[in-house]
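User: I am new to this structure and would be grateful for a close look at a single part of it. Please describe one strand together with its surroundings.

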Amino acid sequence: MKKIGFVGLGNMGTGMAINLQKSGFQVLAYDLNKDKIKELEKDGITGCDSIKEVVEQVDDAIITMVRNREQTESVIFGENGISSANRSDVTVVVMSTLNPTIMSELEEDVTKANFSIIDAPVSGSLSGADNGSLAIFASGKSELRSKLNPYFEAMGTHVFDLGEEIGAGQAAKLANNLLLGINMVGISEAVKFGDSYGLEESDILKIVEVSTGNSWAANNWGEIKEYKNNGTLDAIYKDLTSVISESTKRKTFVPVSGLVLNVLHNSMDDEK
């Protein structure tokens, strides 16, 4: 049984790790939440006391699924992190959503440390992680992507091969989340507009589902309405902030993203 490492057993990571295990891989996992590791041991996942211990036992790869750059760098370069195991044959698979600039800088640091990295953020929300139906946006060295593909297929139903340049996967994920943010705000305003004429939210959603305004956000509005600060809503806000900063660097004009970011900012303030 091939051994794969996994760091970051949050809401998304838990489902992804379980699906890897169900697909015939032995998952070696680490998370700061020891109770979460114990909980997943019933699914056959092996918990480890440190990231270094994970890396020492895997065959060829370790997946990171943490919240941001700081956590990713800590997993890779921190005390007892990935680099401390001195495994030049192990590939770090970054499945968190960061941004292209961060991934490029991580690649430089990882290359200096004499091991490899692949960029592979995901989309599909919690339901996709649990059902193994994620979309995965992979970029990096082609031979590594080919070797990692069986892991990707265990977690997702759509694996996109986006070429050799690290960061292309992140760009694809940010493009998707830009559109998600636009659609979220659009559905919210459509429901509000309909309500002003006495139309029920459920009727608006049924109409949109069979009409030209349909989208993933409309079809999953019940789930989206439960998005909270310090969770998915916060992650989308972070991604839209990255869209604006990356677009500024490339002189790409994306004015709607700024409007959506402002609406999300106000809605997050209202929740406090």
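Analyst: In this predicted model, strand 5 pairs with strand 6 (residues 116–119) in the parallel sense, over four bridges. Within that pairing, Val92 of strand 5 has Ile117 of strand 6 as its bridge partner. Between these two strands lies helix 5 (residues 100–112), and strand 5, helix 5 and strand 6 form a right-handed β-α-β unit.

Strand 5 also pairs with strand 4 (residues 61–64), again in the parallel sense and over four bridges. Here Val93 of strand 5 stands opposite Ile63. The chain passes from strand 4 through helix 4 (residues 69–77) to reach strand 5, and this β-α-β crossover is right-handed.

The strand itself may now be considered face by face. In a regular strand, side chains alternate between the two faces of the sheet. Strand 5 (residues 91–94) is covered on both faces: Thr91 and Val93 are buried on one side, and Val92 and Val94 are buried on the other.

The two helices remain to be described. Helix 4 and helix 5 pack with their axes 12 Å apart and at an angle of about 15 degrees. Because angles under 35 degrees count as roughly parallel, helix 4 and helix 5 are roughly parallel to each other. Their crossing is right-handed. Helix 4 contributes Arg69, Thr72, Glu73, Ile76 and Phe77 to the contact, while helix 5 contributes Ile102, Glu105, Leu106, Asp109 and Val110.

Notes: Residues numbered from 1 in each chain as written. Predicted model: local features only at pLDDT ≥ 70, side-chain atom pairs only at ≥ 80, totals over all residues. Heavy atoms only, no water. Buried < 20%, exposed > 50% of the residue type's maximum accessible area, 1.4 Å probe, protein only. Pairing = 2+ DSSP bridges. Right-handed = clockwise from strand over helix to strand, strands pointing away. Axes fitted to C-alpha atoms, helices over the stretch in contact; angles between N-to-C directions. Parallel < 35°, antiparallel > 145°, perpendicular 65-115°, else oblique. Left-handed = near helix turned anticlockwise from the far one by under 90°. Contact = heavy atoms within 4.5 Å.
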